[in-house]
Amino acid sequence: MRTLRAVRYSSCISAIALALLAFPAAAAAEPFFPRAGNKGYEVRRYEVQLAYRPQQEGRIDANTMVAATATAPLERLSLDFFGPRVLEVRVGGERASFRRRPGKLLVRPRREIEEGSSFAVVVRYSGVPPKIVDPDGTPEGWLRTDDGVIAVGEPQGTAAWIPCNNVPADKAPFHFEITVPRGLKAVANGRRRFVQGNARTETFTWVERAPMSTYLAVLNIGRGRLVKERIGRLPSWTLVDPRMERASRKPLALLPEIVRFQSRLFGGYPFESAGSIVDYAPDVGYALETQSRPIYTFVPERTLLVHETAHQWFGDSVGLERWPNIWLNEGLATWTEWYYAERHGGRSAQQIFEALYRVPASKESFWNPPSGHPGGPEHLFATSVYVRGAMAVQALRQKIGTKPLLRVLRRWATEHRHGSANVKQFIALAEQVSDRNLERLFDRWLYQRGKPR
Ligand code: ARG
Ligand code: ZN
């Protein structure tokens, strides 16, 4: 908003000076995606109401309510949105004027919103949401499959179908009401509340009550059996593409044990539902730790289930303050794979570490970028963020011991449950728990380029 005002000044110098004043704030907010995120409010809740119409070229007719609290007086406000045509915007029940800019919906309410007050923006939109190509070249956003849709959003794709404040630290509960033609299923995050139907359509309501980062929203529409089970007292819903059902049965059946194992390790499972989504989308090529219910675009293996389940604590419950902190997600989830193997009769995490440590320093792309400094959004999911990132955790374990490391992870998951945190805080906690100065260890493993000595 402040940059818009800058253009009113006729002198170039003052415009540049104002832009410079505005820019550091934006850059500090989200360095990898400076356009993402919006000032002056915090979201309290999202309600997404959407009808999917495959007979009309896969169009959606949607109505999203964003309930928020103003943190400043708001004459105007913006939302992140790459979605289709906006038909109407209402604020506090009154029609508001709006404009589109790349990735943004700019809204001017009838009257100014007072600082501290709660308000609701309702956006009605219609059309086919776009696929987004993220900085590393992989697809996200609204992805058509041969029998429906996969909507996934790490790091930016959720704004393809939901107008939102698209930064990880602004978390809010989500409510989804998805209407599909009879014969198709719709699955999102959280618990299934109702299924209502008529002769032609069915509406699936899903509710995630725990705060959720926008990038962790998921929607899967397609054919298949939607199965409800229980993991102890935790309800779990699973939708598997019929073509992948046989091959997925064995790995998916391991989820209860994986959830129990990690709940013992990291402290109680952080959400009120669980489950898995398996859908055929070979050109997507990755899995995602969508909150409470990860999605796999191929038949998953046990290790991948362990990885995405670990993210429920590290990434989903304990969220990222900013994207450059991605090591807290991928390093911890990958280390959990190794520790799980160690405790289930496989190679020990130390053996895995030692085998990987033999990779020569000359293999640049294995060691760089350092996991604590991915450098740019195109490296968020670089191999080194995962593998070198897990090696950093194992190096910490070597230094402080297994019990203290597990105490660090457990306290991390407990103290930041349903919140957002950064790497500095992790280092401080590790130092506190171990009563050691770990600055050099973390500097070498997280921040220095090249193979750590
Ligand atoms: N966070 C996902 C995982 O580790 C990977 C996401 C990859 N996304 C991407 N845009 N490249 O399971
Ligand atoms: Zn991951």
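## Reading the zinc site, a sheet and the core

Q: What makes His307, His311 and Glu330 the protein donors of the zinc ion (ligand 2)?
A: In this predicted model, His307 (NE2), His311 (NE2) and Glu330 (OE) lie 1.9 to 2.0 Å from the zinc ion (ligand 2), and a donor is an N, O or S atom within 2.8 Å of the metal, so these atoms count as its protein donors. Along the chain, the donors follow the spacing H-x3-H-x18-E. His307 lies in helix α5 (residues 302-313) and Glu330 in helix α6 (residues 327-343), so the pair ties together parts that are 23 residues apart in sequence.

Q: Why is the site of the zinc ion (ligand 2) called irregular?
A: The angles among its 4 donor atoms run from 96 to 139 degrees, whereas a tetrahedral site needs all angles between 85 and 135 degrees and a square planar one needs opposite donors over 155 degrees apart. The value of 139 degrees fits neither range, and the site is therefore irregular. For comparison, the ideal angle for four tetrahedral donors is 109.5 degrees.

Q: How do you know whether Gln312 is buried or exposed?
A: Gln312, which is found in helix α5, has a relative accessibility of 1%, and since buried means under 20%, this residue counts as buried. Leaving aside neighbours within four places in sequence, Gln312 is in contact with residues including Tyr269, Phe271, Glu289, Arg293 and Ser317. His307 and Glu330 are both buried as well.

Q: What makes β17 and β20 the edges of their sheet?
A: The open sheet has 4 strands in the order β17-β18-β19-β20, with mixed pairing. β17 (225-231) and β20 (295-296) each have a single partner strand, so one side of each is left without a neighbour in the sheet. Helix α3 (residues 245-252) packs on this sheet and touches β17, β18 and β19, its direction making about 155 degrees with that of β18.

Q: How do you know that strands β18 and β19 pair?
A: Strand β18 (residues 234-240) and strand β19 (residues 274-278) run parallel and are joined by 5 bridges, while pairing asks for at least two, so the two strands count as paired. Ser236 stands opposite Ala274 in β19.

Q: Which residues touch the most other members of the largest nonpolar core?
A: Among the 136 residues of this core, they are Leu50, Phe119, Trp161, Phe176, Trp335, Phe426 and Phe442. Helix α9 (residues 383-400) gives the most to the core, with 9 residues. Beyond its neighbours within four places in sequence, Phe426 is in contact with several residues, among them Trp327, Leu396, Trp412 and Phe442.

How values were computed. Residues are numbered from 1 along each chain as its sequence is written. Chains are lettered from A and ligands numbered from 1 in the order in which they are written. This is a predicted model: local features need pLDDT of at least 70, side-chain atom pairs count only at pLDDT 80 or more; totals for chains, interfaces and linings use all residues. Side-chain values use heavy atoms; hydrogens and water are left out. A nonpolar core is a set of buried Ala, Val, Leu, Ile, Met, Phe, Trp, Tyr and Cys residues joined through side-chain atoms within 4.5 Å. Buried means under 20% relative accessible area, exposed over 50%, partly exposed in between (1.4 Å probe, protein chains only). Contact means heavy atoms within 4.5 Å. Axes are lines fitted to C-alpha atoms, for helices over the stretch in contact, and angles run from 0 to 180 degrees between N-to-C directions. Donors are N, O and S atoms within 2.8 Å of the metal (3.2 Å for Na, K and Ca); water is not among the atoms, so sites may look incomplete. Four donors count as tetrahedral if all angles lie between 85 and 135 degrees; four count as square planar and six as octahedral if opposite donors are over 155 degrees apart and all others between 65 and 115; anything else is irregular.
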